[in-house]
Amino acid sequence: MKLRAIELTNIRRFAGRSARLSGIGDGITVLCQPNEFGKSTFFDALHAVFFERHGSRNAVIKALQPHAGGAPEVAVEIDLPQGRFRIAKRWLQRPQAQVLDASGRLVAQADEAEAWIDRTLGGGLGGPSGLLWVRQGLMGMEPEGTATDDRRERERGLATRRDLLSSVAGEIDMMTGGRRMDLVVDRVTAALAALATDSGRPKANGEWKRALDQVEALAAREADLRPRADRLSGDLARRSDLQRALARLTDPEAVAERSQTLEKADAMHRDALAHQARIAQAEAALRLARLDAERAETEIARLATLTARLTAAEEALRRADDAAITSRKRAEDLGQSERLAAAAQEKAVATARDLRLRLDRATRARSARLAQRQAEDLRRRLDQAAKVQADLERAQAGRGRIVATADAVTAAELAQTALDLAQARAEAQAVTIEARPDGNAQALLAGRPLPPGPQPLLAAADLVLPGFGTLRIDPGTARASDASTDIQAARKRLDAALSTCGVESLTDARAALAQVRAFDAAIAQATALLAAIAPDGPDALRVALARAVADAAAGTGDAVGEDPDTLTPDLAAADSAEAAASATLRAAHELVVQANQARAVAEANRASADRGHAAARSEAGDPTALADRMAALQDTVPTLAATRATAEAALAGLRASAVDLATTEARLSRAKSAFDQAARDIAKAREDLAGLNATITALADEGLEEQLSALAEERAEATTRAARYEAEVRSLTRLRRALEEARTQARDAYFAPVLRELQPLLHILHPGAQLVIDDTTLLPTTLTRDGQDEPLDILSGGTREQLAILTRLAFARLFTAAGRPLPVILDDALVHSDDDRIEAMFDALHRTSKDQQILVFTCRQRAFAALGGERATVTVGAA
């Protein structure tokens, strides 16, 4: 069996989440993480999935449960010779156990799954718990402590080691010392088996077990009756207590005392409430006195405000009247000035208008003369432009018929050069043939007459010789093919370039390019001349000519007696006079507008002041009556102040003599609570007393004490019988132990397998050392170094830990030899090893890992960096 992955869900620190440990190889695999990462959690979960039933609810399973609760789940993927399997278990809530194969098919579940796990771990060979898996903090080969579970684990470990050694040691006779000893041991074992199990506990359906069951049954019956007898005694005692308590509660003096306390508290609370009412009346009188005083002060302030407002309104009305008169006079004066400025501005406008008309007629006459001369020049330029335009169109038409360009001709020249080079290279490599016929004989090459002189032959061809036949000439397949290909490619490029130029030869292309250049020069010259004659084109010249002719015709009838240059200064002076008069008029108008606005504002202010004065007079009324009313109110102020002071003093006196209402209320509440509670206690005591009387009567009729006495006698007899069987079991156990001790002399062959696997590993750490194995525990007890025997209990913690791990590695190899390979798991082991020893232990681990899977959990990153091996990974996700 080899581990491949461990998956946890809702386990300890992974509450509500899942964590998966993967990447476990065939040899050494290391999970190196800091403390509290969860390494021991993976170890404990792996132990639980193999050795705890899915229906278990013991402390081991509850220790896996997180603080938040829920069902812990563990799944393990393992490889077996039959393939890969997945073992999954859930505990506590809807417990479940399943075994699935690699395809997800359910192989076994519930108890069948538990049986499948037991078979996988080796059946009779036990399992790796404690033997191959090292829990954090344990250095030895056995669990520590003396608890029952630890004893069971030690015994199971011993059985596992014995079965393992038996399976690899050969025939049983080699280590027992003879068949006769086996028969005696079998008889003792059979006698012991009739009474007890292998672990020394009573056997089901045996005499010892039946005696113990009888003791247990009688004890259970006695235990069932004992609480009822104890209950009867307790009920009698409680009835006495209830009777005494009821007598105390119903005592006349206690009843009278509770009533008097309640009446006194009620009277004190009523007095406090009455005093509190008198304080409330005094507070109301004080508030009324304060309101009267505040009302008088407010009325005095209001009358003073009305008097001041009336005086201010009269003053504002007087000032508004004066401002309205002043603004009215100023507006009338400025209106007269505006009328004089308007008359002067009209005179200046008329003078400027007359001069402007005279200047316009003189200017049009001169413009007509200039337009006539411009029209004659434009006619001459238009005729010249027409001739140049005709030459330009002829040159453009000739240029348009030629498609050759400089780039296209250059490409053709390059293609011709490449063709010449390819032909020259081909001719240099070609076979040359030359015909020298006799008489009129004519040789034919490729169906055509062979020209005189040497002829290069680039490809295979047939030469027909009259009177002889046909001669096949092949210059060479590879060379001829390459040359022909290069020539054809060059000729295609040349043909394409000539086609682009629209000619059939390179000479024609060059001539066409020369024509293009001549046409381009003529076009450029004509374009430049046309731009100089008509920059905007002939149409613009025609438009300008028509405009000049129209301008000349428009000014023909105007007078030509006056000179525009003479009239211009006079017009400028008239314009200046007109502008000055207009400015004066605008300034006068603006002053009039401002004066009218000020007049309107003054009138509005006067109307507003008049309305304000009327409103103040209406609100204040007669000034004399207003003054008399204010004086009368001021006379009442001292009287109101004295009344308020008297009310404040009365309230202060009442508050000083007041009783705390909350205290009297609490005292009354306490007295009521005590009175009511006493009544409830009396009713409850009477009710409980009635119930106890009924129960006591029923139990007294059963004769519980007599039954308990009879059960005690029967239990004593059964206990004696069980003790006798227990003594017999101890005797048989001691006899079997003595017989087994007699067989220890033949155990050399028994120990040989483990010593054979252990010695090479031990020599890595302690060269030449030997280990002595105990006959009973089948575990190392003494280390012999340099001829000195050293018991393991006097060795250092680090040495004991190293020997324990080496022994586990040896047993792991024995499991493999027995055909049950199981992984070795070390949880934070080698914590006590120094640097040299830990390096040697790493060598031992690697020696074993050649055919053994070893999983190492550690938090010591630097120390275990030299171990090597594969690195496991942990992925944490949501549940």
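A residue is called buried when its relative accessible area is under 20%, and exposed when that area is over 50%. Keep this cut-off at hand for the exercises below, and bear in mind that the model is predicted.

**Exercise 1. Decide whether T41 is buried or exposed, and find its surroundings.**

Solution.
- Step 1: Locate the residue. T41 is part of helix 1, which spans residues 39-51.
- Step 2: Apply the cut-off. T41 has a relative accessibility of 7%, so it counts as buried.
- Step 3: List its contacts. Setting aside residues up to four places away in sequence, T41 touches L8, I11, R12 and F14.

**Exercise 2. Work out which helix gives the most to the largest nonpolar core, and which residues touch the most other members.**

Solution.
- Step 1: Start with a general idea. In soluble globular proteins, nonpolar side chains tend to be buried together.
- Step 2: Look at the largest nonpolar core here. It has 41 residues, and those touching the most other members are L3, L46, F50, V76 and I78.
- Step 3: Find the main contributor. Helix 1 gives the most to this core, namely 7 residues.
- Step 4: Zoom in on F50. Not counting residues up to four places away in sequence, F50 touches M1, L3, V76, I78, I87, I117, L121 and W133.
- Step 5: Look further afield. Another core of 31 residues lies apart from this one, and V30, L783, L830 and L845 are among its residues.

**Exercise 3. Describe how strands 15, 16 and 17 are arranged.**

Solution.
- Step 1: Give the order. The 3 strands form an open sheet in the order 15-16-17, and their pairing is antiparallel.
- Step 2: Name the edges. Strand 15 (770-773) and strand 17 (788-791) each pair on one side only, and these are the edge strands.
- Step 3: Add the twist. From one strand to the next, the twist averages 30°.
- Step 4: Examine one pairing. Strand 15 and strand 16 (residues 780-785) run antiparallel and are joined by 4 bridges. In this part of the sheet, Q770 stands opposite T784 of strand 16.

**Exercise 4. Find out whether E790 is buried or exposed, and which side chain makes a polar contact with its own.**

Solution.
- Step 1: Place the residue. E790 sits in strand 17.
- Step 2: Use the cut-off again. The relative accessible area of E790 is 18%, so this residue is buried.
- Step 3: Find the polar partner. The side chain of E790 makes a polar contact with the side chain of R785, at 2.8 Å.
- Step 4: Complete the picture. Leaving aside neighbours within four places in sequence, E790 is in contact with T781, T782, L783, R785 and L795.

Notes:
Residues numbered from 1 in each chain as written. Predicted model: local features only at pLDDT ≥ 70, side-chain atom pairs only at ≥ 80, totals over all residues. Heavy atoms only, no water. Pairing = 2+ DSSP bridges. Helix = DSSP H or I, 4+ residues; strand = E, 2+ residues; numbered from the N terminus. Axes fitted to C-alpha atoms, helices over the stretch in contact; angles between N-to-C directions. Buried < 20%, exposed > 50% of the residue type's maximum accessible area, 1.4 Å probe, protein only. Polar contact = N/O pair within 3.5 Å; in protein donor to acceptor, adjacent residues only side chain to side chain. Contact = heavy atoms within 4.5 Å. Core = buried A, V, L, I, M, F, W, Y, C linked by side-chain atoms within 4.5 Å.
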